Every structure is written in C-alpha cells, then in structure tokens.
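Visitor: I'd like to learn how to read a model like this one, feature by feature. Could you walk me through it?

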Amino acid sequence: MLVKTKAIVISALKYQEKSLIVKCFTETDGLKSYFVHNAFSGKNNKQKIAYFQPLNLLEIEAVHKNKGTLESFREIKLFAAYHTIHVDIVKSTIIIFLSEMLHHSIREEENNEDLFHFLETALLWLDSHDEIANFHLILLLEITKFLGFYPDASTNDYAFFEMTEGIFTPFQSLSCLSVHETMLFRKLLALRFDSNQQVFNGKERQQLLKIILDYYSFHLDGFKKPKSLEVLKEVFS
C-alpha cells in the first residue's frame, strides 16, 4: 500500500557497509522501520542520509506491506527544517537522548496521532526557543500521558509519590520517593515548556532525570536507559 505521511526519525542503524535501517514514528501508521538500500553510495543517496538525523521531521511517500518486515521509501523530504537543533550542542545532545528514550518507549505499530502531534509541536518549540533547561524533563513526563502511565495528580498534596501505582500517598513504602524528591516531582508536574527554567538547579534536574528514568523502568517492561545519558548529564552539570 502506498502511503503519504509525516514521520519523525527515531533511529538510523547502518546495515552492512552501504545500507541503513531507519525507524520512524509516522503520523498515520505509528512505528515503522524502513530499509534504505545503498544509502552511502551515489550522490542522491548520500544527500538523503542527512534526512535521517535523530528526530528530524519528514514528509515521506512509502510502500507499507504491513507484514512485519522492513518497509521502503519512495520519496523523502523535510517537512520542517530545524534552524538551531543540529548546531546547538545542548539542543543536539537533548535530541540524541530523547531519540533513544523514544526508541525504548514507543513499541506499538499502531496509529497514535495525538502523540505524533505532541512530539511535532514540542520539537518545533525546542528549535525556536533558547530557555530549554527543563525541556527534556517536561517532555518525558508529558509522553507518559500517551503511553498510559501519567501520574495521578488528584491527591498531590500527600507527602510521598508511589512509583508503581503512579499516585501520591500519605504513607511511605519502598517504592515511594522521599519527601524532598516528591516535592521536586510535584513541582515538575506543574511546569510547561514556557515556564520559568530557573525553577530547578543542576543537581535537582539530575535528581528529576533519575526519577523519570526509574518511573519509565517501573512501567515499561525491558526498558533500557539510554547510552547518551552520561553525555546529557555532563551538558547539564
């Protein structure tokens, strides 16, 4: 079936010497993997490699056989070209980290237009703003809405956040955050991308990042922490 859709590049893996396997999150069909033959040979193909940088926003025409095998592109172009993301070291580090997070979090080959549109809007916001210290924290927390384990904030005046159930509770257990960690987490829940970025210091952001990664680990079977985590920590230290 020939499909025209927007797509967000999740990862691009070199296959043998000349080809690529590109994983995309598409607007119409969810997660799809594509085989790009001879990606490293021929002038046109070499130019196309630039399309497959992490979290690029594409417009593609592709053949979807929907048989669980690799699909194939017919045409590729940038839907929206970033102006700052790939030249700003902080933003590019965030992008690499988030692409790994999405790689380990989005697993279903099914339509999820709401998540696609949220990611598209968030990435364009990142590209056009400079105050971004909390962007990755807010984004990862917001994504849990679409993955089905967003924290229940209806009782967020309680002293502890319980990680396995995703609720605030007056009683502390082994799977609860401390009072201080809960306070930080509660504050993060209230933030939006355009909120004051100085609400946390560097140490607090590191604490929150660990909390979010642990939260993902509790709720996603087989979740792996990104290899780029240490680089991200270095950038925000």
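Visitor: Let's begin with two aromatic residues: are Phe149 and Tyr216 buried or exposed?

Guide: Buried means under 20% relative accessible area, exposed over 50%, and partly exposed in between, with a 1.4 Å probe and protein chains only. Here, both Phe149 and Tyr216 are buried. Keep in mind that this is a predicted model, where local features need pLDDT of at least 70, side-chain atom pairs count only at pLDDT 80 or more, and totals for chains, interfaces and linings use all residues. Residues are numbered from 1 along each chain as its sequence is written, and side-chain values use heavy atoms, with hydrogens and water left out.

Visitor: How many aromatic pairs are there, and how do the rings of Phe149 and Tyr216 sit?

Guide: Rings of Phe, Tyr and Trp (its six-membered ring) pair if their centres lie within 6.5 Å; planes under 30 degrees apart count as stacked, over 60 as edge-to-face and the rest as tilted. That rule gives 16 aromatic pairs. For Phe149 and Tyr216, the ring centres are 5.4 Å apart and the planes are at 85 degrees, so this pair is edge-to-face.

Visitor: Which parts of the chain does that pair tie together?

Guide: For helices and strands, we use DSSP runs numbered from the N terminus: H or I of at least four residues for a helix, E of at least two for a strand. Phe149 lies in the loop between α4 (135–147) and β6 (160–162), while Tyr216 is in helix α6 (residues 202–219), so the pair ties together parts 67 residues apart in sequence. Ring pairs also link Phe149, Phe161, Phe168, Phe185, Tyr215, Tyr216 and Phe223 into a cluster.

Visitor: Which residue lies over the face of Tyr150?

Guide: A charge sits over a ring if NZ of Lys or CZ of Arg is within 6 Å of the ring centre and within 35 degrees of the ring normal. In this model Lys145 lies over the face of Tyr150, at 5.0 Å from the ring centre. Tyr150 itself is in the loop between α4 and β6, and is partly exposed at 28% relative accessible area.

Visitor: What is Tyr150 in contact with?

Guide: Contact means heavy atoms within 4.5 Å. Leaving aside neighbours within four places in sequence, the contacts of Tyr150 are Leu141, Glu142, Thr144, Lys145, Leu189 and Tyr215. Glu142 is worth a click too: this residue is found in helix α4 and is buried, with a relative accessible area of 10%. Not counting residues up to four places away in sequence, Glu142 touches Phe118, Tyr150 and Arg192.

Visitor: Where is Lys91, and is Lys91 buried or exposed?

Guide: Lys91 is in helix α2 (residues 89–105), and counts as buried because its relative accessible area is 1%. Beyond neighbours within four places in sequence, Lys91 is in contact with Thr84, Ile85, Leu126, Asp127, Ser128, His129, Asp130 and Ile132.

Visitor: Which residue has a positive phi although it is not a glycine?

Guide: That's Leu55, with a phi of about 65 degrees. Look for Leu55 in the loop between α1 (43–48) and β4 (57–63). Leu55 is buried, at 1% relative accessible area.

Visitor: How many disulfides does a search find?

Guide: A disulfide is a covalent bond between the sulfur atoms of two cysteines. The search takes a pair of cysteine sulfur atoms within 2.5 Å as a disulfide. Across the whole structure, that search finds zero. As for individual cysteines, Cys24 is buried at 0% relative accessibility, and Cys176 is buried at 12%.

Visitor: What about the end of the chain: where is Phe236?

Guide: Phe236 is in the segment after α7 (229–235), and is buried, with a relative accessible area of 14%. Leaving aside neighbours within four places in sequence, the contacts of Phe236 include Val90, Ile94 and His136.

Visitor: Zooming out, how many helices and strands does the chain have?

Guide: Seven helices and seven strands, in the order β-β-β-α-β-β-α-α-α-β-β-α-α-α along the sequence. Buried residues make up 47% of the 237 residues.
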